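User: I am new to this structure. Please take a close look at its salt bridges and walk me through them.

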Amino acid sequence: MIEKILVPTDGSDLSKKAAKKAIELAKGLDAEIIVTNIMDQKATIPYDEQEKRAHEYVQEIIDMAVAEDVKTSSMIIFGSPNYDIMTVTLKSEADMIVIGTHGNTGLKSSIIGSFAQATLKNVDLPILLVK
């Protein structure tokens, strides 16, 4: 039974589209969504700016869920998105992940982005990829 759906967001249009799908699923299943952002420790953006953006991205999805009467919680961490998705998944006790196929990198040439690939490779849960 799916009770918790993890929704990683980076503020991209596809992550918002994935969040809408997760909210729809959660509403039908009476499940909670856990919105997460993993701030990239290798990014050249200052920590304070990353943190500000992370909170904005997460809050936008929370607001969407609240408008649909879906339970929410959130988790923001600082680390490596491709490696720390497993940590976030375990800590959140998620039953499923809903994720966009590409994020904010601007690279659309591959079939799926590196974060989606890392999630598929490292997480042993049902994963819904949204394109």
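Analyst: Start with glutamate 56, which is partly exposed at 42% relative accessibility. This is a predicted model. Glutamate 56 forms a salt bridge with lysine 52. Their closest N and O atoms are 3.5 Å apart. That distance counts because a salt bridge needs the nitrogen within 4 Å of the carboxyl oxygen. Lysine 52 is partly exposed too, with a relative accessible area of 48%. How far apart are the two along helix 2? They are 4 residues apart, so about one helical turn separates them.

Stay in helix 2, which covers residues 47-67. Here arginine 53 forms a salt bridge with glutamate 49. The closest N and O atoms of this pair lie 3.0 Å from each other. Again the partners are 4 residues apart, about one turn of the helix. Arginine 53 is partly exposed, at 33% relative accessible area. Glutamate 49 is partly exposed as well, at 29%.

Now move to helix 1, residues 13-29. Lysine 21 forms a salt bridge with glutamate 24. Their closest N and O atoms are 3.4 Å apart. The spacing in this pair is 3 residues, which means about one helical turn between them. Are these partners buried or exposed? Lysine 21 is partly exposed, with a relative accessible area of 32%. Glutamate 24 counts as exposed, because its 53% relative accessibility is over the 50% cut-off.

Why can such pairs form? Side chains of opposite charge can pair when their charged atoms come close. The structure holds 6 salt bridges, including the pairs described here.

How values were computed
Residues numbered from 1 in each chain as written. Predicted model: local features only at pLDDT ≥ 70, side-chain atom pairs only at ≥ 80, totals over all residues. Heavy atoms only, no water. Salt bridge = Lys/Arg side-chain N within 4 Å of Asp/Glu carboxyl O. Buried < 20%, exposed > 50% of the residue type's maximum accessible area, 1.4 Å probe, protein only.
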